[in-house]
Amino acid sequence: MIKIKNLEDMEVFGGILTKYLSAGDVILLNGDLGAGKTTLSQFIGKALGVKRNINSPTFNIIKSYQGHHLKLHHMDCYRLENAEEDLGFDEYFEDQAVILIEWSQFIKPYLPETSLTIEIKTISPSERSIELKAIGKHYLDIKESILRELSTD
């Protein structure tokens with residue numbers, strides 16, 4: 001488990017994660033309302049070089065951004081709870097971009113077989129804990145690299 005004491009720690013975590021991301025990577029961001037999913041998305045976007053403000057795409061569901069070298073698709077699937085429609089997720093998963101998905105449990109049937117899940121839990125108003133769950137060798141490698149880098153800080 002990774003302890004996040006404040007926004008600076010979250011930004012550091014986002015920067016470390018971003019170093020290991022490549023085109024086509026799918027990152028699932030889970031946690032309660034207000035846990036920090038969108039905040040982490042903003043820090044990942046910043047580390048990727050996205051200049052535009054990243055905010056929750058709740059009403060658009062999907063927003064796309066261009067970073068220095070990679071595109072970023074940010075999905076917020078909160079409004080899709082109990083929805084039966086496929087909104088063309090395959091197109092995004094096949095695109096050469098980093099894909100961040102908040103509330104991924106609501107589109108589970110459409111998710112790729114492999115991904116990295118970041119589970120964010122609120123400890124206090126400023127503190128969070130993060131648990132990484134990797135499915136697939138590529139994501140296991142990312143998880144191990146992040147944990148190794150964080151343990152040397």
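In the predicted model, Pro112 is in contact with Val26 and Phe93, when neighbours within four places in sequence are left aside. Pro112 belongs to the loop that runs between β5 (97–102) and β6 (115–122). With a relative accessible area of 30%, Pro112 is partly exposed, since that class covers values that are neither under 20% nor over 50%. Glu94 lies 18 residues away from Pro112 along the chain, and the C-alpha atoms of the two are separated by 9.8 Å.

Trp103 is also found in the loop between β5 and β6. Its relative accessible area is 11%, and Trp103 is therefore counted as buried. The backbone of Trp103 has a positive phi of about 60°, although the residue is not a glycine.

Strand β6 contains Glu119. This residue, Glu119, has a relative accessible area of 18% and is buried, because the limit for that class is under 20%. Apart from residues up to four places away in sequence, Glu119 touches Asn30, Gly31, Ser129, Ile130, Glu131 and Lys133.

The protein chain as a whole comprises four helices and seven strands. Read from the N terminus, these elements follow the order β-α-β-α-β-β-α-β-β-β-α. The chain has 153 residues, of which 47% count as buried. When contacts between residues at least 6 apart in sequence are considered, 60% of them join residues at least 24 apart.

In soluble globular proteins, nonpolar side chains tend to be buried together. The largest nonpolar core of this model has 43 residues. Within this core, the residues that touch the most other members are Phe13, Ile101, Ile118 and Ile130. For Phe13, the contacts beyond four places in sequence are with Ile2, Ile4, Leu40, Ile118, Ile130, Leu132, Ile146 and Leu150. Two of the core residues named above, Ile118 and Ile130, are thus among the contacts of Phe13.

Phe13 also takes part in the packing of helix α1 (residues 7–19) against helix α2 (residues 37–48). The axes of α1 and α2 are 8 Å apart and make an angle of about 50°. The two helices, α1 and α2, are therefore oblique to each other, and their crossing is right-handed. On the side of α1, the contact is formed by Leu7, Met10, Glu11, Phe13, Gly14, Gly15, Leu17 and Thr18, and on the side of α2 by Thr39, Leu40, Phe43, Ile44, Lys46, Ala47 and Leu48. Sorted by class, the residues of this contact between α1 and α2 are nine nonpolar, four polar and two charged.

A further helix pair involves α1 and helix α4 (residues 137–151). Their axes come within 9 Å and cross at roughly 135°, so α1 and α4 are likewise oblique to each other. The crossing of α1 with α4 is right-handed. It brings together Phe13, Ile16, Leu17 and Lys19 of α1 and Ile142, Ile146, Glu149 and Leu150 of α4. The contact of α1 with α4 has six nonpolar residues, no polar residues and two charged residues. Phe13 and Leu17 of α1 appear in the contact with α2 and also in the contact with α4.

Key:
Residues are numbered from 1 along each chain as its sequence is written. This is a predicted model: local features need pLDDT of at least 70, side-chain atom pairs count only at pLDDT 80 or more; totals for chains, interfaces and linings use all residues. Side-chain values use heavy atoms; hydrogens and water are left out. A nonpolar core is a set of buried Ala, Val, Leu, Ile, Met, Phe, Trp, Tyr and Cys residues joined through side-chain atoms within 4.5 Å. Buried means under 20% relative accessible area, exposed over 50%, partly exposed in between (1.4 Å probe, protein chains only). Contact means heavy atoms within 4.5 Å. Axes are lines fitted to C-alpha atoms, for helices over the stretch in contact, and angles run from 0 to 180 degrees between N-to-C directions. Angles under 35 degrees count as roughly parallel, over 145 as roughly antiparallel, 65 to 115 as roughly perpendicular and the rest as oblique. A crossing is left-handed if the near helix is turned anticlockwise from the far one by less than a right angle, and right-handed if clockwise. Ala, Val, Leu, Ile, Met, Phe, Trp, Tyr, Cys and Pro count as nonpolar, Asp, Glu, Lys and Arg as charged, and the others, Gly among them, as polar.
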